[in-house]
Amino acid sequence: MSKRELFAFIVEGASEQVALENSLSDLLSPRNVRFMIFHGDITTKYGNTADTIISAVSSFISAKLKPYSLSISDLSQIIHLVDTDGVFIPDAQVLYNENAIKPFYDKERILTNDINKIVKRNIQKRSNLIRLSSRHSISGISYSVFYMSCNLDHVLFNKANSSEKEK
């Protein structure tokens, strides 16, 4: 039997894993592919800048593989699925709303009770996504990044502001 290919999928949260894991298994299993799903929004983690994001992704994956006695060189491909979280809208469209405990997204703006926090997050995530989108490999392993509209719930159900319970 030929060696199995190992794909690493980086998703931002548990809802992406729940929504995608069975489908990916069904889709990839006939190809003798094994996959691992890791969650975490690396693009917004404090300290990850466009200058450090490539090494941050590599370190993140290496740390996740270590408990399985695997290294990044064991991977065939890294697939990174990210939410855009509205980071490509103009900063002027991040608007104050005292009732917005968490960001509320609509087609043209983000409502929040902390404008500075969201603008800073958008600048960081946007620059990191632009940097990652130009990469074809990380640590010598094929790398692809794919953007989910606002978030997975928006893509699958056209509902951008789901509560944790609804997810």
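**A mixed sheet, its helix and a stacked ring pair**

Let me start with strand β4, which pairs in the parallel sense with strand β6, residues 110–112, over 3 bridges. I should say at once that this is a predicted model, and what I describe should be heard with that in mind. Within this pairing, Y96 has T112 in β6 as its bridge partner.

These two strands belong to an open sheet of 3 strands, which runs in the order β4-β6-β5 and whose pairing is mixed. Because β4 and β5, the latter covering 104–105, each have a single partner strand, they stand at the edges, and one side of each is left without a neighbour in the sheet. Helix α3, residues 115–133, packs on this sheet and touches β4, β5 and β6, while its direction makes about 165° with that of β4.

What does I115, a residue of helix α3, contact once its neighbours within four places in sequence are left aside? The partners are V94, L95 and Y96. For Y96, which lies 19 residues from I115 along the chain, the C-alpha separation is 6.1 Å. As for exposure, I115 has a relative accessibility of 29%, and since that value falls between the 20% and 50% cut-offs, I115 counts as partly exposed.

Let me turn now to the aromatic rings, where the count comes to 2 pairs. In one of them, F88 and Y147, the ring centres are 6.1 Å apart and the planes meet at 10°, which is under the 30 degrees required, so the pair is stacked. This pair links distant parts of the chain, since F88 sits in the loop between β3 (77–83) and β4 (94–96), whereas Y147 belongs to strand β8, residues 141–148, and the two are 59 residues apart. Are these two residues buried or exposed? F88, at 44% relative accessibility, counts as partly exposed, and Y147, with a relative accessible area of 34%, is partly exposed as well.

Finally, a word on the chain as a whole. It has 4 helices and 8 strands, and read along the sequence these follow the pattern β-α-β-α-β-β-β-β-α-β-β-α. Of the contacts between residues at least 6 apart in sequence, 66% join residues at least 24 apart. Of the 167 residues, 43% count as buried, and the chain exposes about 9,700 Å², of which carbon and sulfur atoms supply 53%.

Technical notes:
Residues are numbered from 1 along each chain as its sequence is written. This is a predicted model: local features need pLDDT of at least 70, side-chain atom pairs count only at pLDDT 80 or more; totals for chains, interfaces and linings use all residues. Side-chain values use heavy atoms; hydrogens and water are left out. Rings of Phe, Tyr and Trp (its six-membered ring) pair if their centres lie within 6.5 Å; planes under 30 degrees apart count as stacked, over 60 as edge-to-face and the rest as tilted. Buried means under 20% relative accessible area, exposed over 50%, partly exposed in between (1.4 Å probe, protein chains only). Two strands pair if DSSP finds at least two bridges between them. Contact means heavy atoms within 4.5 Å. Axes are lines fitted to C-alpha atoms, for helices over the stretch in contact, and angles run from 0 to 180 degrees between N-to-C directions. Accessible areas come from the Shrake-Rupley method with a 1.4 Å probe; for residues, only the protein chains shown count as cover.
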